[in-house]
Amino acid sequence: MALIKQGRVLQDRWQTAETATEALKPGAYFVSLELWQAERELLRGKTAIGITLPNDTDPEVLAPDLDRIAAVALRFPAFTDGRGFSQARTLREHLGFRGEIRAEGPLIPDQHQFLLRCGVDAVVVDDAADTGPWLAAARRYRSVYQPAADDRIPAYRGRHTAPQAIAS
């Protein structure tokens with residue numbers, strides 16, 4: 001699978017572990033929420049641990065452990081299922097999660113910018129997928145109109161700060 005992050009196609013360094021023993025090996029591993037909850041104390045010392053969050057699970061379940069989690073993978077079972085967008089916003093805006101949030105599933109390039117605005121910073125796409133439309137979609141709109149989980153400045157704020165920027 002290809003990983004699109006920060007406007008580039010990257011080699012994904014993360015693997016998936018099915019057991020705690022496997023997750024404790026050197027490297028970065030995603031584990032299921034169930035495995036994390038069952039083996040939390042054993043896995044807490046590992047620095048590169050990610051949790052795969054089912055799309056029907058409230059992200060608040062991770063709140064006590066977010067300082068120990070490096071990444072959260074959100075599963076999208078279909079491109080029409082928007083629960084992952086809400087999960088991403090909850091993780092970024094309400095829980096203050098600063099680690100990687102990645103989206104996995106049958107998403108389409110037209111959703112890329114919306115994913116970024118909700119706080120997703122990496123998207124996993126099939127190796128056979130043309131990544132060009134994904135990269136182009138992330139840069140499609142230069143202006144935004146509402147504040148969101150990303151750091152883009154809405155047009156109304158930019159309009160008021162532009163004269164100050166010009167004067168300085």
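What share of the contacts in the protein chain with a separation of 6 or more comes from residues 24 or more positions apart? In this predicted model, such residues account for 49% of those contacts. That figure is a friendly place to begin a tour of the chain, which is described below from its overall layout down to single residues.

The protein chain has 168 residues, and buried residues make up 42% of them. Its C-alpha trace spans about 60 × 35 × 30 Å along the principal axes. Six helices and eight strands are found in the chain. Read from the N terminus, these elements follow the order β-β-β-α-β-α-β-β-α-β-α-β-α-α.

A good place to look next is strand β4, which covers residues 28–32. Four of its five residues are buried, so β4 is largely enclosed by the rest of the structure. On one hand, β4 is joined to strand β3 (residues 14–16) by three bridges, and the two strands run parallel. Within this pairing, W14 has A28 of β4 as its bridge partner. On the other hand, β4 pairs with strand β5 (residues 49–53), again in the parallel sense, over four bridges. Here Y29 has I49 of β5 as its bridge partner. Between these two strands the chain passes through helix α2 (residues 33–43), and the resulting β-α-β crossover from β4 to β5 is right-handed. A further position in β5, G50, stands opposite F30.

Strand β5 itself is mostly covered, with five of its five residues buried. In a regular strand, side chains alternate between the two faces of the sheet. In β5, I49, I51 and L53 point one way, whereas G50 and T52 point the other way, and all of these residues are buried. Beyond its pairing with β4, strand β5 is also joined to β6 by four bridges, and these two strands run parallel as well. I51 stands opposite V72 of β6 in this arrangement.

Strand β6 spans residues 71–75 and contains A73. Is A73 buried or exposed? Its relative accessibility is 0%, so A73 counts as buried. The surroundings of A73 include residues from other parts of the chain: leaving aside neighbours within four places in sequence, A73 is in contact with F30, I51, T52, L53, R102 and E104. Among these partners, I51, T52 and L53 have already appeared as buried residues of β5, and F30 as the residue standing opposite G50. A73 can also be placed relative to V31, which is 42 residues away along the chain, while the C-alpha atoms of the two are separated by 9.5 Å.

Attention now turns to a later part of the chain. T131 sits in the loop between β8 (122–125) and α5 (132–138). With a relative accessible area of 19%, T131 falls under the 20% cut-off and is therefore buried. Not counting neighbours within four places in sequence, T131 is in contact with I4, V9 and V125.

Helix α5, which follows this loop, holds L135. Its relative accessible area is 18%, so L135 is buried too. Which residues does L135 touch, when those up to four places away in sequence are not counted? They are I4, G7, R8 and V9. Two of these, I4 and V9, are also contacts of T131. L135 and Q113 lie 22 residues apart in sequence, and their C-alpha atoms are 9.5 Å apart in space.

The last feature to consider is the largest pocket, which holds about 390 Å³ of space. It is lined by 17 residues, of which L116, V120, D121, D150 and D151 are the closest to its centre. Two elements, β1 (2–5) and α4 (112–117), each supply at least two residues of the lining. Helix α4 gives the most, with three residues. By type, the lining divides into five nonpolar, five polar and seven charged residues.

Notes:
Residues numbered from 1 in each chain as written. Predicted model: local features only at pLDDT ≥ 70, side-chain atom pairs only at ≥ 80, totals over all residues. Heavy atoms only, no water. Buried < 20%, exposed > 50% of the residue type's maximum accessible area, 1.4 Å probe, protein only. Pairing = 2+ DSSP bridges. Right-handed = clockwise from strand over helix to strand, strands pointing away. Contact = heavy atoms within 4.5 Å. 1 Å grid on protein atoms, 1.4 Å probe; cavity = no way out; pocket = protein on both sides within 12 Å on 5 of 7 lines; lining within 4 Å. Points joined across faces, edges and corners; volume = space filled by probe spheres on them. Nonpolar A, V, L, I, M, F, W, Y, C, P; charged D, E, K, R; others polar.
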